[in-house]
Amino acid sequence: MQALRPRFNRRTLVIGVVAALTLGGIVATQTGRAAPDNQKKSEAPKVFELSSSDLAIVAHGELKQPVPLSGSLSAVRQTVLSSDVEAVVAEVMVRPGETVKAGQMLAKLDTRELNDQLLARSANLDRTRAELKLAEKNRARSADLLKQNFISPNSHDAAENQYAVALAQVKAEEAQVAIARKALGDATVRAPFSGVIAERSIEPGARVGVSQKLFSLVDLAELEFEAKVAMAALPQIKPAQDVVLHIEGFTTQQFKGRVERIAPVADSGTRMVSVYVRLKNTDGILKGGMFAQGEVAVATASDTDMLPLSAIRGLESKQPFVYTIEGGKVVERKVQLGLINQLSKTVAIASGTKAGQQVIIAKLENIKPGQQVKLPGEADKPAAKPVTSSKQS
């Protein structure tokens, strides 16, 4: 019985090894079959979901290449009204912001002193005229006596001289009377042209002197926009070119003007040249001093495709391109660029796109040609089904 015990142990060991190998083979087979399924699951295509802000549509139309301008508005006609006489202010009829007509009375000065001066000058004129008449009679009598040799030529010359002096005095007094009469008229301050009172510097009862400021008057019917332009851009700007203006406070409204003139000399400090643009303001909604930005079109591309500049990739390279969406996938399209509007950040596309195409403008990571995308409003794409084995182990 003891001799049979080792045989039994060896047989048991062999059976255990065979069983272990068989079980290992089954597990390996099942693992091998499941591995492709897991790998296929991990290789399911990834779909990028895009938003409306990630996309732009190729537009078609006209694009202009502008030179940007910036500056402020000022009235073409404006003036400062000053006093031509020294007097006390009797009455002021207008206030700042009021619209006035040409010739309308703005203020009135006290005329009592001016009237007295006019009366005094007029009296002096009457006196000199009387003296002139007497000198004229003396000259005529002297001429008759000279013909009869009753007086010497020197006596006649003295009479002629008295007449000439009297005539000069009359002319001088006539001028003084005219000055006094004008001063009396200047006591009434009137608007030289139609416009708006911009500033009032006097009040009733105050005494004003000669050349003292009374009012500022501006005509807002026509304004001028002055902008500084760099020397490099100046050759592209010509008189009579149209200018589009964007004015502070009018965010949704554009104004049109025209280049009126260009300064002949550059500023010595900035090396910039002043360009003057004239624009109509018949309704008076624009005011002097408003800040404005403008653009003058120096080149135009008509009937062209257009895209935001942000849609162009590889701008620094020789061959720029865009990513379009075609058939739900990203497609790389090489493009040829035309004019660029640096103000609106828009570029003309000479070739490579067509109107209505959707183009990716967002700089998304890992986006590449062939990538599947989901556009805004599209239904969810069905998920890729995992691959499973049909055999049963």
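**Notebook: pockets and confidence**

I began with the largest pocket in this predicted model, and I listed its lining as Leu63, Lys64, Pro66, Asp242, Val243, Val244, Lys256, Gly257, Glu295, Val296, Ala297 and Asn341. I then looked up which elements these residues come from, and found that strand 3 (59-82), strand 11 (242-247), strand 12 (255-262) and strand 14 (291-308) each supply at least two residues of the lining. For the volume of this largest pocket I noted about 230 Å³, and I sorted the residues of its lining into 6 nonpolar, 2 polar and 4 charged.

Next I turned to the second largest pocket, which holds about 160 Å³ of space. It is lined by 15 residues, and I wrote down Thr99, Val196, Asp219, Leu220 and Ala221 as the closest to its centre. Strand 5 (99-100), strand 8 (195-200) and strand 10 (213-230) each give two or more residues to this lining, and the largest share, 4 residues, comes from strand 10. By type, I entered the lining of the second largest pocket as 5 nonpolar, 6 polar and 4 charged.

Last, I checked the confidence, and for the protein chain I noted an average pLDDT of 85, with 85% of the residues scoring at least 70. Confidence is lowest in helix 1 (residues 5-42), at a mean of 49, and highest in strand 6 (residues 105-109), at 97. Residues 1-8 have a pLDDT below 50, and I found 0 contacts for this stretch beyond near neighbours in sequence. Over residues 381-393 the pLDDT also stays under 50, although here the model has 14 contacts beyond four places in sequence. I remind myself that predicted coordinates should not be read in detail where pLDDT is low.

Methods
Residues are numbered from 1 along each chain as its sequence is written. This is a predicted model: local features need pLDDT of at least 70, side-chain atom pairs count only at pLDDT 80 or more; totals for chains, interfaces and linings use all residues. Side-chain values use heavy atoms; hydrogens and water are left out. On a 1 Å grid over the protein atoms alone, a cavity is a set of points where a 1.4 Å probe fits but cannot get out, and a pocket is an open set with protein on both sides within 12 Å along at least five of seven lines; lining residues have an atom within 4 Å of a point. Grid points are joined across faces, edges and corners, and a volume is the space filled by probe spheres set on the points. Ala, Val, Leu, Ile, Met, Phe, Trp, Tyr, Cys and Pro count as nonpolar, Asp, Glu, Lys and Arg as charged, and the others, Gly among them, as polar. pLDDT is the predictor's confidence in each residue, from 0 to 100. Contact means heavy atoms within 4.5 Å.
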